[in-house]
Amino acid sequence: MSLLNVYDVAPRDAKYRGGISALNAITASVAGVGVFHAGVQIGGDEWSYGWSARGSGVYRCDPKAAKCATFRKTVSCGRTPLSRQARQIAIANLTLEWTGASYELLQRNCCSFCEALCAALRVRAPPRWLNALATALA
């Protein structure tokens, strides 16, 4: 099963975490947008993307435990038809393609990486609301 883990963009220990979560709750329900971080969970690994001065921006973390954000919800993307080896190759290819220095807040971010990973895994795409704010501002 491939799962999309969605977070509010605020570290768990940040003093403004509650404000970001409250803002996202309102904007997501009213306008269908928010400021989110996301990662795709495959088994016991969650894969996401962020800025890095060198190398790949793709990184692995424990599911629902991204350090840069506060977990909000999980969305099922379905089962991938790919074998374990094919999944590993897909992630390796994305790791080469998604360099940390190519991160861009509105057009090449963690949410757009999740779209690319879901496409590579041949599972359902993330819901449109996930990256709607960045798309609207871009």
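**Chat: sheet, pockets and helix packing**

Reader: Ok, how many bridges join strand S1 to S5, and which way do they run?

Author: Seven bridges join S1, which covers residues 2-8, to S5, and the two strands run antiparallel. Keep in mind that this is a predicted model.

Reader: Got it. Who stands opposite Tyr7 over in S5?

Author: That would be Phe71.

Reader: And what's the strand order in the whole sheet?

Author: The order is S4-S3-S2-S1-S5, in an open sheet of five strands with antiparallel pairing. Strand S4 (58-61) and strand S5 (70-78) are the edges, each pairing on one side only. On average, neighbouring strands are turned by 30° against each other, ignoring direction.

Reader: Which helix lies across those strands?

Author: Helix H3, residues 110-121, lies across S1, S2 (36-42), S3 (45-49), S4 and S5. Relative to S2, H3 runs at about 25°.

Reader: Does H3 have a helix partner too? I mean, at what angle do the axes of H2 and H3 cross?

Author: They cross at roughly 145°, and the axes come within 10 Å. The crossing of H2 past H3 is right-handed.

Reader: Which residues meet there?

Author: From H2 you have Arg87, Ala90, Ile91 and Leu94. Facing them from H3 are Phe113, Ala116, Leu117, Ala120 and Leu121. Sorted by class, that contact has eight nonpolar residues, one charged and no polar.

Reader: Switching to pockets, since I might want to dock something. What's the volume of the largest pocket?

Author: About 350 Å³. There are 21 residues in its lining, and the closest to the pocket centre are Val9, Val35, Phe36, Tyr103 and Leu105.

Reader: Which element gives the most to that lining?

Author: Helix H4 does, with four residues. S2, H3 and H4 (132-137) each supply at least two.

Reader: How many charged residues in that lining?

Author: None: the lining of the largest pocket splits into 16 nonpolar and five polar residues, with no charged ones.

Reader: Ok, next one down. How much space lies in the second largest pocket?

Author: About 200 Å³. Its lining is made of Ile42, Gly43, Gly44, Asp45, Trp47, Arg84, Arg87, Gln88 and Ile91.

Reader: Where does the largest share of that lining come from?

Author: From H2, which gives four residues. The elements with two or more residues in the lining are S3 and H2, the latter spanning 84-97.

Reader: And how do the lining residues of that second pocket divide by class?

Author: Evenly enough to remember: three nonpolar, three polar and three charged.

Reader: Wait, Arg87 came up earlier. Where was that?

Author: In the helix contact: Arg87 is one of the H2 residues that meet H3, and Arg87 also lines the second largest pocket. Ile91 likewise appears in the H2 side of that contact and in the pocket lining.

Definitions and conventions
Residues are numbered from 1 along each chain as its sequence is written. This is a predicted model: local features need pLDDT of at least 70, side-chain atom pairs count only at pLDDT 80 or more; totals for chains, interfaces and linings use all residues. Side-chain values use heavy atoms; hydrogens and water are left out. Two strands pair if DSSP finds at least two bridges between them. Axes are lines fitted to C-alpha atoms, for helices over the stretch in contact, and angles run from 0 to 180 degrees between N-to-C directions. Contact means heavy atoms within 4.5 Å. On a 1 Å grid over the protein atoms alone, a cavity is a set of points where a 1.4 Å probe fits but cannot get out, and a pocket is an open set with protein on both sides within 12 Å along at least five of seven lines; lining residues have an atom within 4 Å of a point. Grid points are joined across faces, edges and corners, and a volume is the space filled by probe spheres set on the points. Ala, Val, Leu, Ile, Met, Phe, Trp, Tyr, Cys and Pro count as nonpolar, Asp, Glu, Lys and Arg as charged, and the others, Gly among them, as polar. A crossing is left-handed if the near helix is turned anticlockwise from the far one by less than a right angle, and right-handed if clockwise.
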